[in-house]
Amino acid sequence: MKTIYVDNAATTAMSDRAIEAMTPYLKGVYGNPSSLHTVGQVAKESLEEAREKIAKCLNCEAREIYFTSGGSEADNQAIRSAALNGAAKNKKHIISTAFEHHAVLHTLKKLEKEGFEVTYLDVRANGLITAKEVEAAIRPDTCLVTIMFANNEVGTIQPIAEIGKVCRVKGVVFHTDAVQAVGHVPVDVKAQNIDMLSLSAHKFHGAKGVGALYVKRGIPLRTFVEGGAQERGKRAGTENLAGVASMAAALEEACENMDKNAAKLKKLRDKLIDGLLKIPHSKLNGDRQKRLPANVNMCFEGIEGESLLLLLDAKGICASSGSACTSGSLDPSHVLLALGLPHEVAHGSLRLSLSAENTEEDIDVILREVPKVVEYLRSISPVWEELEKGLRPHLI
Ligand SMILES: *Cc1c(COP(=O)(O)O)cnc(C)c1O
């Protein structure tokens, strides 16, 4: 049985180019970039080459890129830095949304306990907010706006350039978790008025455990891992040279192929959405147009997302009910609840996140199997029976 992997928002397979780029550092180039001898300096040069490549893809300067262990660390460091910078000026108000990734939300929750005030903007039913809503929430004591570029569950893409502009005009630091966007949709920190941006290699076919934080020159970055002077003193620890090399190669490749891949993925995505919407009492979550080229997120009434996933897995289809971080818990996704879906509907969610490796045949198999599994689960669901008998109202 062929495995159909459609969980690329959780993680991606490494590309050949990314693997080839990292191999020399696993075997051969073993130096510590901080060493003064030749072996160390060769490693140092490679590190700086990778930094240049990544900076070029984001349209920033190499010295504005700080390597981290991934998206979570970048989010933590960005938000805490901006909060501490704000507190030093007695500005302790932060603006965000209720449907951020947990790396952002949990950092904000901790900051609230430490005396910061956070405004969580409402995302509307389509999973979008507007720059006007951000503008209206900014106060004289606002030190940070942190809003994700593209949502990891429902794939909606926010009006980042406009939000950035509002923040720039008001003099508030703007951070965006762009982990789902970088390598998939155009990201340009200058054109989009972004002050801080988080990215992660394993979401665009690079290695796991490596990411980066872009910080606009002039914004003080705080240190949370103390030790050596790596990353210009902002993040101690011997650099993950192999991982960084894979990240640079993967990003370069993703940016080179972005238009071609996005066109292919949008076609597959739209075929999938149209086909799945034929299932009665189903709905697409998140705006149909302003979404990632590879994201499909559906709800089917009267079923449990977890059961759906297990039965699809038995047929070789690897999908998700939403965020990998909430799997294992029976709470519905905080993202779907933020979109205003009732608990019972949010429970029946399915996220299919494609990659350019997926084929038209994969889509055909999914469109054959999902309706069968949904029908079977409904046939054994007491909730569905009540819905069909009119004992409770259909919500979709
Ligand atoms: C995956 C993801 C993260 C976390 O990145 P890691 O590199 O796995 O720590 C953060 N934000 C978003 C939106 C993500 O999709």
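This briefing describes the surroundings of a ligand and one nonpolar patch on the protein surface. The model is predicted. The shell around the ligand holds 13 residues, and the protein buries 87% of the area that the ligand exposes when taken alone. Helix α3 contributes to that shell and is also where Leu84, one of the patch residues, is placed.

**Residues around the ligand**
- Ser72, Asp177, Gln180, Ser200 and Lys203 come nearest to the ligand among the 13 residues around it.
- By type, the shell consists of 8 polar, 3 charged and 2 nonpolar residues.
- Helix α3, which spans residues 71–87, gives the most to the shell, with 3 residues.

**Polar contacts and burial of the ligand**
- The side chain of Ser200 has a polar atom 2.6 Å from an oxygen atom of the ligand.
- For Ser72, an N or O atom in the side chain is 2.7 Å from a ligand oxygen atom.
- In the case of His202, the distance between a side-chain N or O atom and an oxygen atom of the ligand is 2.9 Å.
- The ligand taken alone exposes 380 Å², of which the protein buries 87%.

**Nonpolar surface patch**
- Leu84, Phe224 and Val225 make a nonpolar patch of about 220 Å² on the surface.
- Leu84 belongs to helix α3, the helix that gives the most residues to the ligand shell.
- Leu84 counts as partly exposed because its relative accessibility is 36%, and partly exposed residues fall between the limits of 20% and 50%.

Definitions and conventions: Residues numbered from 1 in each chain as written. Predicted model: local features only at pLDDT ≥ 70, side-chain atom pairs only at ≥ 80, totals over all residues. Heavy atoms only, no water. Near = heavy atom within 4 Å. Polar contact = N/O pair within 3.5 Å; in protein donor to acceptor, adjacent residues only side chain to side chain. Areas by Shrake-Rupley, 256 points an atom, 1.4 Å probe, with all protein chains shown as cover. Helix = DSSP H or I, 4+ residues; strand = E, 2+ residues; numbered from the N terminus. Nonpolar A, V, L, I, M, F, W, Y, C, P; charged D, E, K, R; others polar. Patch = residues over 30% accessible without salt bridge, like charges linked within 9 Å, V, L, I, M, F, W, Y side chains within 5 Å. Salt bridge = Lys/Arg side-chain N within 4 Å of Asp/Glu carboxyl O. Buried < 20%, exposed > 50% of the residue type's maximum accessible area, 1.4 Å probe, protein only.
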